[in-house]
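Me: I'm new to this one. Could you walk me through how to read it, a feature at a time?

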Amino acid sequence: MYGAGLCDSAMVTQVDPNQVTLLLRQWRAGDASALEALTPLVYSELRIIARSRLAHERRLALNPTELVHEVFLRLVRQDQPDWANRAHFYYIAARLMRQILVDFIRETHAQKRGGELPALSLDDALQVAQPCDPSVLNIHEALNALAEMDPRKARVLEMRFFGGLTAEEIAQVENMSPVTVTRDVRAATAWLRAWLTSPERS
Amino acid sequence: MTSQQWHTAENLFHSALELPPADRASWVEEACPGDPAVATAVIRMLEADASPGDEIRQVIRSAVKQWMTA
């Protein structure tokens, strides 16, 4: 996937793919502690991917689907695809992407409010001049509001938008039919878009 | 909305989608006379559903890009 020699030391994954597969199976079987063990592994891998991209292909970014697929390939690399395991893995990655982006944008806003910025190069200044879109925070807030009414659909939208999961993958995680997922995504997305237009009326 | 209202709204939304677009709003208002909050929510959902746009995906994609290039 990458050219040879790209940031090799950072690219080495210390995690045993079999261990990740086992943890995914344990979690699917109802063992919540397996999810707790998996989360930091996925989190650290997402950060490594972001940083290694930065080093070599500055300004090239992946979309959420590409990110979660890549982190799966790097951590699991399984020869025999286990679609349910893979979908559950994507779910973890989607949840983490939401958390990472919300934290990142809050930090960026806090820094901007903080004043005391160091001298910037023109390039950096241009980056700062383009504020992170606060809409990610609005989406986060809207999903929290949706979760109060309907936790399952809030999860479905989180997977759809923050992990780029397909209806089939979401269906694996939620143990329902892809047709129902598609229907739920349509209704919940309509609610979300209405909420983003004017939250107080939704 | 409460969970109950939301589930009502969702069902009405899906039923309304079966109708011609011009008939939907009046049908929704007639379908839930006792709960204007639900009717309003459904009509707003129908409007959002009908309006083109991929802004949620774009906003998240742009945030991912900013995070990866920060």
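Me: Let's start with helix H10 of chain A. Which residues of H10(A) are buried?

Reply: Keep in mind that this is a predicted model. A residue counts as buried when its relative accessible area is under 20%. In H10(A) the buried residues are Val181(A), Asp184(A) and Val185(A), then Ala187(A) through the run Ala188(A), Thr189(A), Ala190(A), Trp191(A), Leu192(A), Arg193(A), Ala194(A) and Trp195(A).

Me: And what covers the buried residues of H10(A)?

Reply: Both chains take part. The cover includes helices H7 (135-149), H8 (151-162) and H9 (167-174) from chain A, along with H1 (3-17), H3 (36-50) and H4 (55-68) from chain B.

Me: How do I check the length of H10(A) against what it should span?

Reply: Take 1.5 Å a residue. H10(A) has 20 residues, 178-197, so it should span 28 Å, and its end C-alpha atoms are 28 Å apart, which agrees.

Me: Now its neighbour in that list, H9(A). How many of the residues of H9(A) are buried?

Reply: Six of the eight, so H9(A) is largely enclosed by the rest of the structure. Those buried residues are Ala167(A), Glu169(A), Ile170(A), Ala171(A), Val173(A) and Glu174(A). They pack against four helices of chain A: H4 (64-75), H5 (83-113), H8 and H10. Right after H9(A) comes Asn175(A), with a positive phi near 55°.

Me: What about chain A as a whole: how many helices and strands does it have?

Reply: Chain A has 10 helices and zero strands, so to speak a plain string of α-α-α-α-α-α-α-α-α-α along the sequence. Of its 202 residues, 49% are buried. To see how far along the sequence the contacts reach, take those between residues at least 6 apart: 68% of them join residues at least 24 apart.

Me: Let's move to where the chains meet. How should I think about the size of an interface?

Reply: It is often given as the accessible area lost when the parts come together. Here chain A and chain B bury about 3,700 Å² between them, with 64% of that on carbon and sulfur atoms. On the side of chain B, Arg44(B), Trp67(B) and Met68(B) supply 24% of the area it buries against chain A, more than any other three residues. In terms of contacts, 31 residues of chain B touch 51 residues of chain A.

Me: Can we zoom in on one pair of helices? At what angle do H8(A) and H4(B) pack?

Reply: The angle is about 60°, and the axes are 9 Å apart. H8(A) and H4(B) are therefore oblique to each other. Arg160(A), Phe161(A) and Phe162(A) of H8(A) meet Ile56(B), Arg57(B) and Ile60(B) of H4(B). Sorted by type, the residues of this contact are four nonpolar, no polar and two charged.

Me: Last, two single residues. Is His14(B) buried or exposed?

Reply: His14(B) has a relative accessible area of 9%, so it is buried. This residue sits in helix H1 of chain B. Leaving aside residues up to four places away in sequence, His14(B) touches Arg183(A) and Ala187(A). That second partner, Ala187(A), is one of the buried residues of H10(A).

Me: And where does Glu55(B) lie?

Reply: Glu55(B) is in helix H4 of chain B. With 31% relative accessibility, Glu55(B) counts as partly exposed. Its C-alpha atom is 26 Å from that of Thr8(B), which is 47 residues away along the chain.

Notes. Residues numbered from 1 in each chain as written. Chains lettered and ligands numbered in written order. Predicted model: local features only at pLDDT ≥ 70, side-chain atom pairs only at ≥ 80, totals over all residues. Heavy atoms only, no water. Helix = DSSP H or I, 4+ residues; strand = E, 2+ residues; numbered from the N terminus. Expected span 1.5 Å × (residues − 1). Buried < 20%, exposed > 50% of the residue type's maximum accessible area, 1.4 Å probe, protein only. Contact = heavy atoms within 4.5 Å. Axes fitted to C-alpha atoms, helices over the stretch in contact; angles between N-to-C directions. Parallel < 35°, antiparallel > 145°, perpendicular 65-115°, else oblique. Nonpolar A, V, L, I, M, F, W, Y, C, P; charged D, E, K, R; others polar. Buried area = accessible area lost by both parts, 1.4 Å probe.
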